[in-house]
Amino acid sequence: MKRIAILTAGGDTPALNATIFGAVQKANELGIEVYGLIKGFGGMISPQLPHVRLNPLFSTIPELDPCQGGTLIGASRTYIDSNDKKQLQSVAARMERLKIDGLICIGGDGTINGMQPLSEHFPCVLAPKTIDNDLGLNYIDEPNEWVKDENDAIHDGYRHSSTRDAVSLGEIVNYVTPGYATAVFVVAQSIERIRTTAESHRRIAIVEVMGRDSGYIALGAAYGQPDMILIPEVELDYPKVIRRVRELYDMQKHVVIVVGEGVQDAEGQLGAKSKSVDPAGNILFSGAAERLAEILIKELGDDYFRKNQRHDEAKSAVFTRKVGHTQRGGRPILFDRFYGAQLGGEAVEILNRKQNNHLATLNWTEEFGFTTGQLSANKLRDQWGTIHAREVHPSLYSEQRFQPSELGRQYFAPIFKNAIGYEDMEAIKSHLFSQDNLLTRYQSFNVEMQKRIQYLD
Ligand code: F6P
């Protein structure tokens, strides 16, 4: 391979620049040129194919900083229509004109789907990223457990029930995805901070976190010590939830609850699902915390709060907060930087071996710790060709305690033990209250990158 292209697709994560950095460093070693394609697949559709050289003379451009969140080549949720053969052919022709021998896509499941039709024209490899930690398998044969069920609206007409009582941690395919650790870092801190208000003002705080149908972020929030965690994989049992809220409130005069945004009850998703404005028409989740608040307000009732003069009405006792996009933003913590870069490098090696439609994976075993590997993208697909978001396996969650199970705690240990680097703390110390911040405006890498963008025509 002489020249490859790289793009970032889907929602941003803090580890994207680190992953690009790892890929470019590996390409420098191997003497491969790397072109960054602007704004994901959207850039490929453009007849001008906007691009930047990320390693002129095999040295990484200075704007590419692995410690900076976001992506310096831009991202979008635009995907190429696999049925539009004409579009595919013109994309392939443009890539040929640019003399691109292969493509690395940094993304999640949507990106693999976007990459698949392109892999029929040139070799493509995925470097994984998603804060949701839902790209992977609890065990290799998990896709075979999905069945079609027209009545299951939550999983778009599919149903899954695990055939295993527990997972063996060493078997997990793609143990963790870059971006997840930083999201948990932000969420856990938010929980700690919200606790103070709930505790002082005798309130029930409901904190909604991202993750779509997957409860990994919510479960990881356990590091912030919330009293209860509700994940989308486990249908809400209201009497049980309310009983636990009462027990906790009676004892400690406040409760902190974390809800994954895709949490559901017997009727379906609690929050509204809406289509985003991006071209992929991606589903956005919103309002699970508000809905749960309404239910708690109604079920607990005003008298419950009045009896001990804690609040005049239930409405003033229950409040909701969304951690929102801050959980995907900012500087990646050490774990994400390091393994994002490793996966970027691995993706280049896979491509250089001319393996097509594969993804780089990050696996963990007791014996070797974290190691990178590779997997054919088709191994993630069920018999109908669909890739399902990885769910939190039931054995990682304790439904009784609304907390991670013993196995869940074991799952987290290797990720978070050394996830924060000394330099992460130093960066906060030296940067946040620097007097320079008061004098200088934020310097966006978009401004510098704009000067580097080249076009086909
Ligand atoms: O998939 C990543 C994610 O952050 C989800 O957790 C969340 O539901 C969604 O993206 C939000 O999307 P958007 O960036 O379009 O608001």
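**Exercise 1. Work out how the side chain of R328 meets the ligand.**

Start with the distance: an N or O atom in the R328 side chain sits 2.8 Å from a ligand oxygen. That fits a polar contact, meaning a pair of N or O atoms within 3.5 Å. Keep in mind that this is a predicted model, where local features need pLDDT of at least 70, side-chain atom pairs count only at pLDDT 80 or more, and totals for chains, interfaces and linings use all residues. Residues are numbered from 1 along each chain as its sequence is written, and side-chain values use heavy atoms, leaving out hydrogens and water.

Next, check D132, with a side-chain N or O atom 2.7 Å from a ligand oxygen. Then take H325, whose polar side-chain atom is 2.9 Å from an oxygen of the ligand. Finally, look around: the residues surrounding the ligand (a heavy atom within 4 Å of it) include R77, M210, E261 and L284.

**Exercise 2. Find out what the side chain of D265 pairs with.**

First, place D265: strand β12, residues 264–265 (strands are DSSP runs of E, at least two residues). D265 is buried, that is, under 20% relative accessible area with a 1.4 Å probe, protein chains only.

Now try a salt bridge (a Lys or Arg side-chain nitrogen within 4 Å of an Asp or Glu carboxyl oxygen). No luck: D265 has none, and R291, the nearest side chain of opposite charge, is 5.9 Å away.

So try polar partners instead. The side chains of D265 and Y238 make a polar contact of 2.7 Å.

Definitions and conventions
Helix = DSSP H or I, 4+ residues; strand = E, 2+ residues; numbered from the N terminus. Buried < 20%, exposed > 50% of the residue type's maximum accessible area, 1.4 Å probe, protein only. Lys, Arg positive; Asp, Glu negative; His and termini not counted. Polar contact = N/O pair within 3.5 Å; in protein donor to acceptor, adjacent residues only side chain to side chain.
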